[in-house]
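I opened the model to look up a few residues and then the strands and helices around them. The entries follow in the order I made them.

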Amino acid sequence: MTFGLRLALGFVVASLAAAPAFARVDAPKRSALETGVLTQINVVRREHGLAPLRLNVRLRAAADMHSRAMVTGGFFSHESRDGTAFWKRVARFYPQGSRRYWSVGENLLWSSPDVDAAGAVRMWLNSPPHRENLLNARWREVGLSAVHVDAGHGVFGTEPVTVLTADFGVRR
């Protein structure tokens with residue numbers, strides 16, 4: 001089996017879906033990976049004197065939509081398939097509303113055939129821009145989505161692939 005890994009990073013600051021038929025989502029495995037990644041992120045944040053992140057269902061919905069879109073569309077990018085910037089996608093789920101401050105960031109990872117929570121966080125920590133997102137003191141919330149398919153396509157080739165999206169945010 002081949003092993004592939006790709007990382008991507010997104011970040012923006014502003015002031016003032018159903019699963020595709022071929023996307024197999026193993027719910028217990030997915031949940032375990034997402035929970036494990038949150039645990040690992042918060043261990044690292046505590047080690048650096050930072051507040052732990054709380055799960056946010058709106059950020060999770062944004063992350064899930066994007067993980068699924070990448071797997072079904074065979075692409076890997078912060079931009080949506082239609083070229084929409086990641087922060088605009090996240091804002092549809094996690095709006096600024098009447099808050100004076102809003103900021104979001106995103107880490108992406110894909111691995112073939114699979115990745116565990118410690119490995120995902122370790123890879124992000126070994127990439128300076130991803131590490132910066134993980135250790136950003138401004139973040140308060142996160143949404144995580146892991147999607148696995150037995151046979152990828154597009155940039156993922158035909159091997160099994162796991163796509164992980166972490167959407168970070170703060171509103172105040």
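Entry 1, T158. I listed the contacts of T158 in this predicted model, leaving out residues up to four places away in sequence, and found D150, A151 and G152. T158 sits in the loop between β4 and β5. Is T158 buried or exposed? I noted it as exposed, because its relative accessibility is 63% and the cut-off for exposed is over 50%. I also took a C-alpha distance: T158 and S112 are separated by 9.7 Å, with their positions 46 residues apart along the chain.

Entry 2, strand β4. I went next to β4, residues 141–149. Nine of its nine residues are buried, so I wrote the strand down as largely enclosed by the rest of the structure. I then split β4 by face. E141, G143, S145, V147 and V149 lie on one side, and V142, L144, A146 and H148 lie on the other. Both faces are covered. The split follows the usual rule that side chains in a regular strand alternate between the two faces of the sheet.

I looked up the pairing of β4 as well. Strand β2, residues 54–55, runs parallel to β4 and is joined to it by two bridges. L55 has V142 as its bridge partner in β4. Strand β5, residues 161–171, runs antiparallel to β4, and nine bridges join the two.

Entry 3, H148. H148 belongs to strand β4. I recorded H148 as buried, because its relative accessible area is 10% and buried means under 20%. Which residue in β5 is the bridge partner of H148? I found T162. The side chains of H148 and T162 also make a polar contact of 2.7 Å. A polar atom of the H148 side chain lies 3.2 Å from the backbone oxygen of V161.

Entry 4, strand β5. I counted 11 of the 11 residues of β5 as buried, so this strand too is largely enclosed by the rest of the structure. On one side I have V161, V163, T165, D167, G169 and R171. On the other I have T162, L164, A166, F168 and V170. Both faces of β5 are covered. Apart from its bridges to β4, β5 pairs with β3 in the antiparallel sense over 10 bridges. In that pairing I noted W102 opposite R171 of β5.

Entry 5, A166. I picked A166 in strand β5. Its relative accessible area is 0%, so A166 counts as buried. Leaving out residues up to four places away in sequence, A166 touches G105, E106, N107, W124, G143 and L144. From A166 to A63 I read 6.2 Å, C-alpha to C-alpha, for residues 103 apart in sequence.

Entry 6, helix α4. I turned to α4, residues 117–125. Seven of its nine residues are buried, so I entered the helix as largely enclosed by the rest of the structure. The buried ones are A117, G119, A120, V121, M123, W124 and L125.

Entry 7, nonpolar cores. How many residues does the largest nonpolar core have? I found 26, and V37 and W124 have the most contacts inside it. The elements that give two or more residues to this core are α1 (27–47), β3 (101–112), α4, β4 and β5. Of these, α4 gives the most, with six residues. I then listed the contacts of V37, leaving aside neighbours within four places in sequence: A117, A120, V121, W124, L144 and L164. I also logged a second, separate core of 11 residues, which includes F76, W110, V147 and V149.

Entry 8, N42. My last lookup was N42, in helix α1. N42 counts as buried, because its relative accessibility is 7%. Setting aside neighbours within four places in sequence, N42 is in contact with P52 and L53. For L53 I noted a distance of 2.6 Å from its backbone nitrogen to a polar atom of the N42 side chain.

Technical notes
Residues numbered from 1 in each chain as written. Predicted model: local features only at pLDDT ≥ 70, side-chain atom pairs only at ≥ 80, totals over all residues. Heavy atoms only, no water. Buried < 20%, exposed > 50% of the residue type's maximum accessible area, 1.4 Å probe, protein only. Pairing = 2+ DSSP bridges. Contact = heavy atoms within 4.5 Å. Polar contact = N/O pair within 3.5 Å; in protein donor to acceptor, adjacent residues only side chain to side chain. Core = buried A, V, L, I, M, F, W, Y, C linked by side-chain atoms within 4.5 Å.
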